[in-house]
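Subject: Structure handover and findings

Hello,

Here is the structure I promised you. Please open it next to this email and look up each residue as you read.

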Amino acid sequence: MKNVLATLVLTVLTVFTIQAQTITGKWKTIDDETGEAKSIVEITEKNGKYYGKILEILTDKKDAKCDKCPGADKGKPIKGLTIIKGLKKDGSSYTGGTITDPGSGKEYKCAIKLNGTNKLDVRGYVGIQALGRTQTWVRVN
């Protein structure tokens with residue numbers, strides 16, 4: 001009985017450790033200029049690529065639309081919008097995809113890296129990573 005209980009505890013701890021080491025899950029976005037919480041984004045994995053969708057807007061702009069977004073996203077509600085598209089795991093980082101700023105409608109290359117277990121450094125850039133800015137998002141339990 002003790003062995004079964006020990007195995008169960010070890011399995012549960014392993015699952016929590018694995019989840020804490022991945023970017024999948026829900027994240028509170030924090031504006032890098034104001035420090036204000038803006039939204040909740042859920043990052044999911046599909047066929048080896050990662051996507052981030054806005055689940056909730058935490059500001060007074062809850063019904064805002066992405067009027068400046070390009071292509072099929074133009075005019076869509078920001079809530080429900082997939083803003084991170086096509087990232088791939090590259091060592092300890094996630095790169096090769098894009099992120100859309102729903103406020104400006106601009107699309108940037110994107111790189112994401114875990115910063116500890118409950119913080120995520122999300123970098124949007126043009127050309128090379130040195131030409132961009134980083135936001136730190138916080139995991140939502």
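Below is what turned up in it, from the whole chain down to single residues.

**The overall picture**

Please keep in mind that this is a predicted model. The chain has 141 residues, and 30% of them count as buried. Its secondary structure comes to one helix and eight strands. Reading from the N terminus, the order is α-β-β-β-β-β-β-β-β. So the helix leads and the strands follow. Now take the contacts with a separation of 6 or more. Residues 24 or more positions apart account for 37% of these.

**The aromatic pair**

How many aromatic pairs does the count come to? It comes to one. The partners are Y50 and Y94, with ring centres 5.0 Å apart. Their planes stand at 75°, so the pair is edge-to-face. The cut-off for that label is over 60 degrees. Find Y50 in strand β3, residues 49–57, and Y94 in strand β5, residues 93–100. The pair therefore ties together parts that are 44 residues apart in sequence. Both tyrosines, Y50 and Y94, are buried.

**T22, which also touches Y94**

T22 sits in the loop between α1 (2–20) and β1 (25–30). Is T22 buried or exposed? Its relative accessibility is 15%, so T22 counts as buried; the limit is under 20%. The side chain of T22 reaches the backbone nitrogen of T24 at 3.3 Å. Set aside the neighbours within four places in sequence. T22 is then in contact with W27, Y94, L114 and R139. Y94 is the residue you met in the aromatic pair.

**The largest pocket**

The largest pocket has a volume of about 720 Å³. Its lining is made of 26 residues. Which of them lie nearest the centre? They are K38, D101, P102, G103 and Q135. Several strands give two or more residues to this lining: β2 (37–46), β3, β5, β7 (119–125) and β8 (132–140). Strand β8 gives the largest share, four residues. By type, the lining divides into eleven nonpolar, nine polar and six charged residues.

**D101, at the pocket**

D101 is one of the residues nearest the pocket centre. D101 lies in the loop between β5 and β6. At 27% relative accessibility, D101 counts as partly exposed. A polar atom of the D101 side chain lies 2.9 Å from the backbone nitrogen of G103. G103 is also among the residues nearest the pocket centre. Leaving out neighbours within four places in sequence, D101 is in contact with K106 and Y108. Look at I83 as well. D101 and I83 are 18 residues apart in sequence, and their C-alpha atoms are 7.3 Å apart in space.

**R123, in strand β7**

R123 is found in strand β7. R123 is buried, with a relative accessible area of 18%. What does the side chain of R123 reach at 2.6 Å? It reaches the backbone oxygen of Q129. A polar contact of 2.7 Å also joins the side chains of R123 and T134. Not counting residues up to four places away in sequence, R123 touches K109, C110, A111, Q129, A130, L131, G132, R133 and T134.

**Two more loop residues**

N47 is in the loop between β2 and β3. N47 is exposed, with a relative accessible area of 73%. What is the phi of N47? It is positive, about 55°, although N47 is not a glycine.

T117 is in the loop between β6 (107–114) and β7. At 42% relative accessibility, T117 counts as partly exposed. T117 and I23 are 94 residues apart in sequence. In space, they are 9.2 Å apart, C-alpha to C-alpha.

**Where to begin**

Start with Y50 and Y94, the edge-to-face pair. Go on to T22, which is in contact with Y94. Then turn to the largest pocket and find D101 in its lining. Finish with R123 and its polar contact to T134.

Best wishes

Technical notes: Residues are numbered from 1 along each chain as its sequence is written. This is a predicted model: local features need pLDDT of at least 70, side-chain atom pairs count only at pLDDT 80 or more; totals for chains, interfaces and linings use all residues. Side-chain values use heavy atoms; hydrogens and water are left out. Buried means under 20% relative accessible area, exposed over 50%, partly exposed in between (1.4 Å probe, protein chains only). A polar contact is a pair of N or O atoms within 3.5 Å; within protein, one must be able to donate a hydrogen and the other to accept it, and residues adjacent in sequence count only if both atoms are side-chain atoms. Contact means heavy atoms within 4.5 Å. Rings of Phe, Tyr and Trp (its six-membered ring) pair if their centres lie within 6.5 Å; planes under 30 degrees apart count as stacked, over 60 as edge-to-face and the rest as tilted. On a 1 Å grid over the protein atoms alone, a cavity is a set of points where a 1.4 Å probe fits but cannot get out, and a pocket is an open set with protein on both sides within 12 Å along at least five of seven lines; lining residues have an atom within 4 Å of a point. Grid points are joined across faces, edges and corners, and a volume is the space filled by probe spheres set on the points. Ala, Val, Leu, Ile, Met, Phe, Trp, Tyr, Cys and Pro count as nonpolar, Asp, Glu, Lys and Arg as charged, and the others, Gly among them, as polar.
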